[in-house]
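Welcome, and please take a moment to look over the structure below. The report that follows walks through it step by step.

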Amino acid sequence: ATGLLAGPATHGPNPVCPIARLKGAPAGKGIVWFSPKHDVIAISAYGSIATPQGARLGITTARLLKIYPSWNPLGTDANGRGYVKVPGNAHAEYRIETLKSKVSSLTLQAGNEDCYE
């Protein structure tokens, strides 16, 4: 309804939860996940998209930890996935992955997501 999607939602890796791509996002990037129960449940960042606090793809893990000191990866700081609550929104979190000490994936997701991961 917002006009921000590149096309209609299609079935992704989980056949119950459709996915779509944000307009302007390259193939495989800017994915939006939908839940039959909760509507939009996750949006992945691409390019220079950043959180209001300044976290974005490509920043170092050291910079990420300055922005979100509570980010705690499952793995090592250099290679891991962790979560941090979205400031001001108790119902959302950022899912942040690092690879070789840099942010490699950044996703805004609902705290009650039921089919994204």
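## A first tour of the model

Val-84 is a buried residue, its relative accessible area being 6%. The model you are looking at is a predicted one. Within it, Val-84 belongs to strand 6. Setting aside residues up to four places away in sequence, Val-84 touches Tyr-68, Ser-70, Trp-71, Glu-93, Tyr-94 and Ile-96. One of these partners, Trp-71, is 13 residues away along the chain, and the C-alpha atoms of Val-84 and Trp-71 are separated by 5.3 Å.

Let us stay in this strand for a moment. Strand 6 covers residues 80-86, and Val-86 is found in it. Val-86 counts as buried, at 12% relative accessibility. Its contacts, leaving aside neighbours within four places in sequence, are Ala-92, Glu-93, Tyr-94 and Leu-108. Val-86 and Thr-51 are 35 residues apart in sequence, and their C-alpha atoms are 9.1 Å apart in space.

Now step back to the whole chain. How many helices and strands does the chain have? There is one helix, and there are eight strands. Following the sequence, you meet them in the pattern β-β-β-β-α-β-β-β-β. The C-alpha atoms fill a box of roughly 40 × 25 × 25 Å along the principal axes. The radius of gyration is 14 Å, which agrees with the value near 13 Å that a compact globule of 117 residues would have. Of these 117 residues, 38% count as buried. Among contacts between residues at least 6 apart in sequence, 27% join residues at least 24 apart.

The surface and the charges deserve a look too. About 6,700 Å² of the chain is accessible surface, and 57% of that belongs to carbon and sulfur atoms. The chain carries 12 positive and 7 negative side chains, with the centres of the two sets 11 Å apart.

Which residues form a salt bridge? The partners are Glu-97 and Arg-95, whose closest N and O atoms are 2.6 Å apart. A search of the whole structure finds one salt bridge. Arg-95 counts as buried at 9% relative accessibility, while Glu-97 is partly exposed at 25%.

Both partners of this salt bridge also appear among the contacts of Ser-105: not counting residues up to four places away in sequence, Ser-105 touches Leu-57, Arg-95, Ile-96 and Glu-97. Ser-105 sits in strand 8, which runs over residues 102-110. With 19% relative accessibility, Ser-105 counts as buried, because buried means under 20%.

Finally, visit the loop between strand 7 (89-99) and strand 8, where Lys-100 lies. Ser-101 is found in the loop between these strands as well. Each has a positive phi in a residue other than glycine: near 55° for Lys-100 and near 65° for Ser-101. Is Lys-100 buried or exposed? At 70% relative accessibility, Lys-100 counts as exposed, whereas Ser-101 counts as partly exposed at 35%.

Here are the accessibility values for some of the residues on this tour.

| Residue | Relative accessibility | Class |
|---|---|---|
| Val-84 | 6% | buried |
| Arg-95 | 9% | buried |
| Val-86 | 12% | buried |
| Ser-105 | 19% | buried |
| Glu-97 | 25% | partly exposed |
| Ser-101 | 35% | partly exposed |
| Lys-100 | 70% | exposed |

Notes. Residues numbered from 1 in each chain as written. Predicted model: local features only at pLDDT ≥ 70, side-chain atom pairs only at ≥ 80, totals over all residues. Heavy atoms only, no water. Salt bridge = Lys/Arg side-chain N within 4 Å of Asp/Glu carboxyl O. Buried < 20%, exposed > 50% of the residue type's maximum accessible area, 1.4 Å probe, protein only. Helix = DSSP H or I, 4+ residues; strand = E, 2+ residues; numbered from the N terminus. Rg over C-alpha atoms; globule rule 2.2 N^0.38 Å. Contact = heavy atoms within 4.5 Å. Areas by Shrake-Rupley, 256 points an atom, 1.4 Å probe, with all protein chains shown as cover. Lys, Arg positive; Asp, Glu negative; His and termini not counted. Charge placed at Lys NZ, Arg CZ, Asp CG, Glu CD.
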